[in-house]
Amino acid sequence: MPQVSLSVNGTAHTVEVEGRTLLVEVLREQLRLTGTHVGCDTSQCGACVVHMDGESVKACTTLAVACEGASVTTIEGLAKPDGTLHPMQEAFREYHALQCGFCTPGMVMSAVDLVQKNPQGLSEAEIREGLEGNLCRCTGYHNIVKAIAAAQDVMHGRRESLAAAAE
Amino acid sequence: MNVMAPFEGIGASVRRKEDLRFLSGRGQYTDDINRPGQLHAFILRSPHAHARITALDTAAAKGMPGVRAVYTGADMAAVGGIPCGWQIHNKDGTPMAEPKHPVLAEGKVRHVGDPVAVVVADTRQHARDAAEAITVSYEVLPSATTMAQAQAPGAPAVHEAVPSNLCYDWHIGEKAAVDAAFAGAAHRVVFETTNNRLVPNAMEPRAAIGDYDATTGEHTLYTTSQNPHVIRLLMGAFVLNIPESKLRVVAPDVGGGFGSKIYHYAEEAIVTWAAHRLGRPVKWTADRTESFMSDAHGRDHVTRAELALDKDGTFLALHVQTQANMGAYLSTFAPCVPTYLYATLLAGVYRTPAIYAEVKAVFTNTVPVDAYRGAGRPEATYLLERLVDVAAKQCGFDRVELRRRNFIATDAFPYQTPVALEYDSGDYFSTLSQALETSGWHGFEARRAEAKARGRLRGIGISTYLEACGIAPSAVVGSLGARAGLYEVGTIRVHPTGSVTVLTGAHSHGQGHETTFAQLVADKLGVPIANVDVVHGDTAKVPFGMGTYGSRSLAVGGSAMDKAMDKIIAKGKKIAAHLMEAAVEDVEFERGTFRVAGTDKTKALAEISLAAYVPHNFPHDELEPGLEETAFYDPKNFTYPGGCHIAEVEIEPETGKVSLVNFTAVDDVGRVINPMIVEGQVQGGVAQGVGQALLEACVYDEGGQLLSASMMDYAMPRADDLAPVSVATHTTLCTHNPLGVKGCGEVGAIGSPPAVINAVVDALRDFGVNHVEMPATPPKIWSIIHGTK
């Protein structure tokens, strides 16, 4: 079986995979990083989004063999090592942008990538459009959009904290 | 410095305790659990809507790599069928038709997705590969997908034992009174509609793990369930014959339910049974296409309604005839949805004095249909609120004034409707006024004109609704055919040093119980929510419970906790009286402190709990040590949330695309414990209602193939399909539960669909249409605008 070497959340791993093995299967079943979820089989829902070499990808449609040498960040690796939440995680909590939590890891990882790619700042409509690849069945998205809008100000250094963004 | 602790009790928008684990990827959903030695099951499903299995050969599959077993219906013939939890009676008093629902197909398949065989293998991939080596010979039979097909002369029988395909023919209300009222009515308004079939699509696909310990004989089932105790009861008693003491059901973190995870499903029995046979844990996880073919669907009603009005617009009578699609088998709650959760709601917020409803439930070759967020109440609300708009237009009344004219008066509660329910409280005039004000209803024509100048058709629509939830008084539902009680159970365990564990039979799958329930304890016992842990979802930990659905968790489960806290306080007072050498009737309790009335003698709750567990100085003659109390709460009535929803839409004439541009919800959900969570529940419910109105449809073709079987084909609402939703509450208290709460989980999905469609029809007022069926998709709207229909 092919071997793949990759870094996940800063830790190097070498895993044996089949040609058909998906990145999400490596993460969930071999590395037991179960924060990355699978919500569909047609690349629609985005529950499986992780960052690969700084880009958001759907881990359910990424073949593991395509990840040789890649650096992958999952939801488990987003907070600082001391446990301090990323501003996006903090904003999701502050704005009640999650209910059942199942879409949340993918939603947060997509949102981080969306904000990082748009340092000029995003309007509400642009945030909604930017979430096209992520489905949530619980929240109606309204609070997710508010959370991302608040987090982007903190991520881009326009505000010091979420408390300031909320004012 | 004395820092005031932030208020965490009833009414505080406390941030959720459960969020940290979900946000850091440390939630534990069923598929995240892996048991030592675990095998994986794959289920081979029927590709046909209706077929006889003439041959089934599993020999090749059994020889495939990694395969441990292959099971078919013959292997599971000794296992009971999947039971139905509700029995409806026909007009003539005979019971409904209740054909067997086998766990695995027995000689015949009845819908696309019906389980035929199970492969258990070392990995999921091995199991899936082997399933492809199973040879099934089918004799394809004619199928009936729609209720019209199923009731046509010569229609194929879904079940041989039910040649008519009729599950039941039921009615409620007074036909004679309705007929008499119609005879003298100034206006008669007819409305016919189909309430579109929906797929719930919780983001977490269903999953189940069976585990068996041969040394103890104990079975454990981990499952994506809204009600683990109910699954234990149904599966243990009716399907696998396992006593409760030997069957533990765990529903860990569950990624959304919306009704679809209430029911006992075949896969739960399969993995539990297979784990016992094989002596190894067996896991099954649905892929999304499997979810579309096997999770119970929602809605699917075809209805004709007629309303009689006098010359001033006062409603005189309502006659409703509904056909409800049951699918191929009766799911757990299915029979009660179009009857006691639908027809009993047909008075709505109105004083209609005579109502008669007839409901026929029909078997078809489709996935079973059961409760989906709102369950019966969205169908009733949609029917009524469209009918009122159609009546206003046909008879020349203002649609708001017509509603107001017929509202139940605010001082008329308790109000007995002609269809069984007695509403305890409500104030429909206030929610209406507030929503009109917030939405800028009276300034709408300027917005319509402005949109027109931009080439857009703008419309506004209203819905004034109520629903019945807080399910349910056991004696009442028992008399109506429920086969279980619907109380709830709560345990309050005060630990020796004063922290609290709450055990609840309700189950959280997004609702935030770990926070809201902790707030109840903080408010009543004065314990900070950081020191209150809520345990749910495990039959080995929680004494008993009926789970979460029908917006019952707080109204019934919260009330049970409140009752248990009353017992804690009563016992605590006796201990405090002993310690402070006072008479028990002189001891007062408020938010964590026992006080001898009129003195400065006090004892904190933690001192009392310590005395209870270290009972050196303790009233042993009178009390047992410990401080833990359990209460069962059986509600006296349903609860009746209600309110007003107003939607504003714009249509792009060139494409027919409808965009939601404004939405206002003013709801009366009773006392609000956590406003942030309530607002989130309403927003999420509205999103599902807007999805039903504009986007979602479960589509079968003529041959019974499920065409919308993936998220590429079934239009789930996305972020840019929705608009900001303005949510406000106007409270009247529930009069019969101790918390005054009514429930907020379903109101959004119940009130919103007619508001949206009323807005669409309003936007199209120049095109001579009276109605647009849900979902109002671009092709339908384009055809209306361009006159091709």
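## A walk through chains B and A

Start by selecting residues 642-652 of chain B, which make up strand β26. This strand is mostly covered, with ten of its eleven residues buried. Keep in mind as you click around that you are looking at a predicted model.

**The neighbours of β26(B).** Leave β26(B) highlighted and add residues 457-466 of chain B, strand β18. The two strands run antiparallel and are joined by ten bridges. For one spot to zoom in on, pick I460(B): E648(B) in β26(B) stands opposite.

Now add residues 657-668 of chain B, strand β27. Here β26(B) has another antiparallel partner, and eleven bridges join the pair. Click C644(B) and then V666(B) in β27(B), since these two are bridge partners.

Next, follow the chain through the turn. β26(B) and β27(B) form a hairpin with four residues between the strands. Stop at G656(B), where phi is positive, near 80°.

**Two crossing helices in chain B.** Select residues 675-695 (α17) and 747-763 (α18) of chain B. Their axes come within 7 Å and cross at roughly 40°, which makes α17(B) oblique to α18(B). The crossing is right-handed.

Which residues of α18(B) make the contact? Show V747(B), G748(B), A749(B), S752(B), P753(B), V756(B) and I757(B). From α17(B), the residues to show include Q681(B), V682(B), G685(B), V686(B), G689(B), V690(B) and L694(B). Colour the whole contact by class and you get ten nonpolar, nine polar and no charged residues.

**Over to chain A.** Select α2(A) and α5(A). The axes of this pair come within 9 Å, crossing at roughly 145°, and this crossing is right-handed. On the α2(A) side, show P87(A), M88(A), A91(A) and F92(A). They meet A147(A), A150(A), A151(A), V154(A) and M155(A) of α5(A). What classes of residue make up this contact? Nine are nonpolar, with no polar and no charged residues.

**Where the chains meet.** Finish by showing both chains together. Across the interface, 42 residues of chain A are in contact with 42 residues of chain B. On the chain A side, look for α2 (87-94), α3 (104-116), α4 (124-130) and α5 (142-155), each of which supplies at least two residues. Which of the helices gives the most to this side of chain A? That would be α2(A), with four residues. Colour the side of chain A that touches chain B by class, and its residues divide into 19 nonpolar, 15 polar and eight charged.

How values were computed: Residues numbered from 1 in each chain as written. Chains lettered and ligands numbered in written order. Predicted model: local features only at pLDDT ≥ 70, side-chain atom pairs only at ≥ 80, totals over all residues. Contact = placed C-beta atoms within 7 Å. Nonpolar A, V, L, I, M, F, W, Y, C, P; charged D, E, K, R; others polar. Axes fitted to C-alpha atoms, helices over the stretch in contact; angles between N-to-C directions. Parallel < 35°, antiparallel > 145°, perpendicular 65-115°, else oblique. Left-handed = near helix turned anticlockwise from the far one by under 90°. Buried ≥ 20, exposed ≤ 12 C-beta atoms within 10 Å, placed from the backbone. Pairing = 2+ DSSP bridges.
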